[in-house]
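Q: Hey, got a minute to go through this model with me? I'd like to start with the core.

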Amino acid sequence: MNKIGNLKTYTSKEIENSYVGIDFCCLDREMFDADKCYELLGKTGIKYARCQTGWFRCEKEKGVYTFEWLDDVIDNLCKQGVTPWLNVSFGNPVYMPNTPNPYGVGCVPLYYGEECLIAWKNFVKELTNRYKDRVTYFEIWNEPSSPAFWHPSTPDGKEYAKLVNITSEVIRSVYPDAKIVCNMLTPAIFDYIIDFLDNVSKEYLNAFSYHIYTTVPEFRTNEATYEIRKILKNKGFENVELWQGESGYPSWAYNGHWLVKEGCDDERAQAVYQLRRYFIDVFDGAKLSSFFQMADMWEKPYAKTTDVIKKCAAQGILNGLTYAPKKSYETITYLSTIFSGDIKPTDDYCLLNISSASPVDLIACQKMTYSKNGLPVYAYYYPSDLSSRTEITFDATLSILKPLENPVLIDPMNGEIYQVEDPEFRKGFGYNYTLPIKDYPLILTDRKTYEIK
């Protein structure tokens with residue numbers, strides 16, 4: 001194939017809407033230097049940023065609020081054309097004696113007495129009033145289904161619903177048009193989800209955000225999102241949007257890290273995971289997909305509820321020491337353009353065959369179809385194990401029912417675009433395009449779909 005150019009990308013200011021977000025989290029614990037990130041973030045085209053509010057950092061003295069640090073975050077994101085959404089979470093040792101960490105991470109205000117609960121409501125009221133002109137979505141708590149973030153009790157869907165109801169009532173009293181988001185660490189917590197939905201007020205839920213971390217992004221994702229959507233519909237929440245609010249993969253990890261088989265030091269593996277993650281999430285119907293995280297959290301040790309990690313795995317798209325862009329920074333820039341504007345998943349016919357004698361390889365192949373501005377977009381790949389660094393040597397044949405007027409192949413790893421030869425028609429199979437295949441999605445579409453430089 002002949003290369004004809006590269007995918008033209010856009011800044012966050014130039015993109016009106018998109019599926020692509022980034023986690024801009026843990027600034028409540030000052031885990032990275034946000035000032036070194038804003039300009040680089042704006043260049044990616046990323047449209048949404050998830051920010052944690054940090055009750056402790058905002059109220060270190062009872063009744064005295066210091067929102068200046070969060071003002072700086074929100075204002076700088078908005079200046080770059082990035083829309084912030086707030087994760088309203090975590091406790092405050094000022095009102096919580098004997099917290100297991102100095103930041104109140106994971107400490108739930110339901111369990112620390114009346115004064116603490118009133119103080120939580122007051123904080124939420126001040127927070128909402130301050131940002132109601134700049135923020136629409138308020139997400140309540142972080143991963144309440146995980147014991148790591150529900151202290152000192154054990155995770156309970158009914159109790160989480162109680163916290164959401166209490167907090168949402170305060171938010172809506174100040175900002176009636178505010179959108180409320182819940183979130184949970186999935187999968188395999190369907191009983192928890194049912195208990196939550198049976199007890200949360202229907203008026204207080206606009207989006208359901210799931211966090212999913214797996215060794216490969218394909219594992220459990222389709223099954224989990226399908227079941228969550230089914231439960232939402234059965235419980236009368238069919239109009240609630242589904243978001244993938246946090247998922248990622250490290251470019252470096254210490255030995256014994258739970259997400260990788262062994263010590264990892266591979267920027268490409270992180271980029272491959274990211275590419276597959278976004279194509280899966282959009283195809284599965286998520287209205288937003290957020291990658292964890294903006295920068296490696298290396299400014300300080302990382303405090304969870306009851307333990308401290310001296311050096312986090314490198315989850316960022318920026319290096320935590322130099323703040324230099326990684327490969328995943330480049331790929332998310334292409335993703336921001338690919339999944340911007342009028343693009344949505346479809347059920348168009350698409351058949352993928354590869355030059356492998358193994359039926360297991362044929363079954364493993366992934367294919368997804370979308371429509372952008374009325375033009376078909378076909379994505380396909382072979383889902384290799386990220387930790388094995390397997391080289392993909394197959395050739396592929398992609399079969400569709402209607403030929404493309406001017407077919408091109410887009411490689412989102414490097415943004416390169418190639419002219420594709422006319423297809424061969426075979427009765428019973430359709431129009432067959434002979435193409436390369438990678439361990440991340442390649443895109444077959446018409447030349448008019450995306451701008452080329």
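Q: Which residues touch the most other members of the largest nonpolar core?
A: In this predicted model, they are F24, F196, F208, F339 and I437, out of 147 residues in that core. A nonpolar core here is a set of buried Ala, Val, Leu, Ile, Met, Phe, Trp, Tyr and Cys residues joined through side-chain atoms within 4.5 Å, and buried means under 20% relative accessible area, with exposed over 50% and partly exposed in between (1.4 Å probe, protein chains only).

Q: And which element gives the largest share of this core?
A: Helix 8, with nine residues. Helices are DSSP runs of H or I with at least four residues, strands are E runs of at least two, and both are numbered from the N terminus.

Q: Any ground rules on the values?
A: Local features need pLDDT of at least 70 and side-chain atom pairs 80 or more, while totals for chains, interfaces and linings use all residues. Residues are numbered from 1 along each chain, and side-chain values use heavy atoms, leaving out hydrogens and water.

Q: New topic: where is P152?
A: P152 sits in the loop between strand 5 (137–140) and helix 5 (157–174). The peptide bond joining H151 and P152 is cis, with omega about 5 degrees.

Q: What about phi at E30?
A: E30 is not a glycine, yet its phi is positive, about 55 degrees. E30 belongs to the loop between strand 2 (20–23) and helix 1 (38–44).

Q: How does E30 count for exposure?
A: E30 is partly exposed, because its relative accessibility is 35%.
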